[in-house]
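Hi,

Here is the structure I promised to pass on. Have a look at it first, and then read my notes on its salt bridges below.

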Amino acid sequence: MSKILVTGGLGYIGSHTAVLLLESGHDVLIADDLSNSRAEVLGGIEAITGKRPAWENVDLSDAAATASFLGRHQDVDSIIHFAAYKAVGESVDRPLDYYQNNLGSLINLLNFVKTKPECAFIFSSSCSIYGQADELPIREDAKTKPPESPYGNTKKIGEEILRHAASAHDFKVIALRYFNPVGAHPSAKIGELPLGVPQNLVPFVTQSAAGLRGPLKVFGNDYPTRDGTCIRDYIHVVDIARAHLLAMERLVDGDGDSGPVEVFNLGTGAGSTVLEVLNAFTSATGVEMKWDFADRRPGDPAEVYADTQKATDVLGWKAELSLEQSMADAWRWQQSLRDS
Ligand code: WQD
């Protein structure tokens, strides 16, 4: 059994990964400063697994606080680092907060890892570093474009920091580039908790369907796609969590053999248009969606979806849950929030 630090473990993908680690018999320690999560998520994790992970409220962008925290947990075998600000639009308005928090917390954690190079380090990265790729599906060796947002840039720079630090201090890292995480745990005990008006498509859909929001605005129907709306690769959050377990096991087992930093795309390998997502939601839930077409959202690439062959070949991972399953789970989670 390993002791695994999950930073941002009360957040969306972090909590789903913490569940899987606990179910796999690992000891989980969560560091989360509640800047984009709620302490009640601990109860959801416990309700699913029967185990309540240890949690400390740590500001990982504070070097002294992070050093003190990790000084009390030298026995951590692996770190899965989710904790970051992640709202693309907000990052345009608050770039300095995003660089300070996302890069500062990464550097503070790596100052611990360099003293314990056997500690496996998994980094939460993003497909947003690709921008509008020239070739689809997008492979890990695709040219990355200047990210459209400071948020995407913190992920691109984060990967570069990892490459230099891992080489200089002889440790190994796996970076996982998420495409569009959606859905919720089938138990409906944990899920996405967007604070304020959801910026992402699926939480807006479920809140609109629940009558909490007006009709969805579909941002653009004049893109060069099969129905004019943008295409994305929507992947179930439980599939994403599974990839983190496999990536950590690869590093712990000493199989990470291709250089200091290995990178994997996490998607389904298939793209869906916005209208196809709405149809999948209705077919999965029986709830009809109302929407209006609106202007394009600045910075939206027309089409983004992943080539996931590398994760299949190297990690033995492939997405298993369908878009309809994601919609059904997201809806069940939304309904549980109404009842709570
Ligand atoms: C999806 C599609 C919108 C809201 C996000 C993160 C990014 C990365 C991938 C993690 C787009 C359309 C949306 C709405 C709409 N994740 N849309 N009406 O922008 O692809 O990227 O996931 O790192 O960082 O930002 O996701 O859900 O915002 O948009 O029409 O009210 O839905 O135009 O085509 P996006 P999204």
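To start with one residue: is Glu320 buried or exposed? Glu320 is exposed, with a relative accessible area of 61%. Keep in mind that this is a predicted model.

Glu320 has a partner, too: it forms a salt bridge with Arg242, and their closest N and O atoms are 3.5 Å apart. That pair links distant parts of the chain, since Arg242 is in helix α8 (residues 237-252) while Glu320 is in the loop between α10 (309-315) and α11 (323-339), 78 residues apart.

Searching the whole structure turns up 19 salt bridges, so here are a few others from that search.

Lys145 and Asp134 form one of them, with 3.1 Å between the closest N and O atoms. Both residues lie in the loop between β5 (120-126) and α6 (150-169), so the pair ties together parts that are eleven residues apart in sequence. Lys145 is partly exposed, at 23% relative accessible area, whereas Asp134 counts as exposed at 58%.

Next is a pair inside a helix. Glu160 and Lys156 meet through their side chains in a salt bridge (3.8 Å, N to O). Both sit in helix α6, four residues apart, which is about one turn of the helix. Glu160 counts as partly exposed at 35% relative accessibility, and Lys156 is also partly exposed, at 21%.

Finally, take a look at Glu90, Arg94 and Asp97, which are linked in a network of salt bridges.

Cheers

Note on methods
Residues are numbered from 1 along each chain as its sequence is written. This is a predicted model: local features need pLDDT of at least 70, side-chain atom pairs count only at pLDDT 80 or more; totals for chains, interfaces and linings use all residues. Side-chain values use heavy atoms; hydrogens and water are left out. A salt bridge is a side-chain nitrogen of Lys or Arg within 4 Å of a carboxyl oxygen of Asp or Glu. Helices (H or I, at least four residues) and strands (E, at least two) are DSSP runs, numbered from the N terminus. Buried means under 20% relative accessible area, exposed over 50%, partly exposed in between (1.4 Å probe, protein chains only).
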